[in-house]
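Visitor: Could you walk me through this one, starting broad and then zooming in?

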Amino acid sequence: MTTVATSAPTVLVIDDEMGILDAIRILLKNEGFIPYTALGGKKGLEQIAALKPELIITDVRMPDVTGLDILQSVRAHDPEAVVILMTAQASLQSAIGAVNNGAFYYIQKPFKNEELVTIVRRAAEHRSLKRENKTLKAEAKRRDRSGRPVGSSKSWPFLSINCGALPESLLESELFGHVKGSFTGASRDKDGLFSAAGEGTFFLDEIGETTPATQVKLLRVLQQREVIPVGATEAKPVNARVIAATNRDLEDEIKRGNFRSDLFYRLNVISIVLPPLRNRPGDIALLSEAFLRRPAESRGETPRLLSPEATEAMQRYSWPGNVRELENALERAVILAKGDTIQLSALPERIVEPKSDPLVSDAVQTNPTLDTIERAYIMWVLENEGGNKPRTAEVLGIDPSTLYRKLSRYGLPT
């Protein structure tokens, strides 16, 4: 739906409070997005028609035109539109109803800035993936003699879901489906993604974020090859291939009681471990070239190049957000760069001048995370044992292989 010639997503924010509009506009601009605002639903519809934004964030309760009216109007003209609803009076039923009607997400006010930015990034990625999928399908039709796989049978659908992006009850409906009347807002029967994937592939992203209750139901699906939709009494057979991904150490999560061991072993048939970007700095230049080339070629432009200084800075940076952070940083750099080469000044400050991150600090942290405590404790034991890793693993009560994985995860020498 976008007509803006830039790699950064355009976002239209609609609300009837100017203070909220200004706050979100500044937040999104600082994160590399291109934000526009509209005061009220009526103005929002006018801006949608004029700007054709890629993402829309709208309040639900507005006096002239409601957010649900905007959602319905946008979806009628563009079924692929990405709309995020926000409201101060959210309920589970209204959230499920909104998502069933085509909203990407339903966020409750007041929200944390990081929460909104994360949702908008996921929405932008979702939009990008749908657009790329559409492009690939078109290319497949034009180039059916190129040797690429071409087909429209049930064995080729590819569906995916981010397990960490939805609350448990809504995730269950999306995974397994529901029947009409099973909850408020369920106006029709709906197939879940396991069924919709047919004999194709279903990708469960961030499987480590699922709750124990959801894990039990996933295990049943994988063992019995059938699902029971929400509100139904009879099971439906499913036959999709399943791929799961996570950024967590699931063996660690099992020990902590956060992940079921039987589900882990059911999923862990073929395991592919992707090392973090900080452990493969030599790939940064190659990945950057690909990220800069693809959007440029789609617009018929010459791709930007990274200056040697910019490349060196990016190779020094630790990339806690891995490849997604790299792609986002390059999108921002393309907007700010002057000329054909991306200089150091176009990169985010955190990359140009990274802050030191001491492994153990004398400063007292407020509510430190488990990862922070674990990392500090591992380093303390390692230092006390003179860097002897087998002895450190013995003191910690873990296998040496687990210690090496943790050191790699934290970007520490292995």
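**Surface first, then a strand**

Visitor: How much area does the protein chain expose, and what share of it do carbon and sulfur atoms supply?
Guide: This is a predicted model, where local features need pLDDT of at least 70 and side-chain atom pairs pLDDT 80 or more, while totals for chains, interfaces and linings use all residues. Residues are numbered from 1 along each chain as its sequence is written, and side-chain values use heavy atoms, with hydrogens and water left out. By the Shrake-Rupley method with a 1.4 Å probe, with only the protein chains shown counting as cover for residues, the protein chain exposes about 23200 Å², and the carbon and sulfur share is 51%.

Visitor: What percentage of the protein chain's residues are buried?
Guide: Buried is under 20% relative accessible area, exposed is over 50%, and partly exposed is in between (1.4 Å probe, protein chains only). The protein chain has 414 residues, and the buried portion is 38%.

Visitor: Where does K180 sit, and is K180 buried or exposed?
Guide: K180 is in the loop that links β7 (177–178) to β8 (190–191); strands here are DSSP E runs of at least two residues and helices H or I runs of at least four, numbered from the N terminus. Leaving out residues up to four places away in sequence, K180 touches A186, S187, R188 and D189, a contact being heavy atoms within 4.5 Å. Because its relative accessible area is 59%, K180 in this loop is exposed.

Visitor: How far apart are the C-alpha atoms of K180 and K190?
Guide: Along the chain, K180 and K190 are 10 residues apart. In space, their C-alpha atoms are separated by 7.8 Å.

Visitor: How many residues of β3 are buried?
Guide: Take β3 (residues 55–59) one side at a time: L55, I57 and D59 point one way, I56 and T58 the other, and all are buried. The strand is mostly covered, and of its five residues the buried count is five.

Visitor: Which residue in β4 is the bridge partner of T58?
Guide: Strands pair if DSSP finds at least two bridges between them. β3 runs parallel to β1 (residues 10–15), joined by four bridges, with V13 partnered by I57. β3 also pairs in the parallel sense with β4 (residues 82–87), over five bridges. There, the partner of T58 is L85.

Visitor: Which handedness does the β-α-β unit of β3, α3 and β4 have?
Guide: With the strands pointing away from the viewer, a clockwise path from the first strand over the helix to the second is called right-handed. The helix in this unit is α3 (residues 67–77), and the β3-α3-β4 unit is right-handed.
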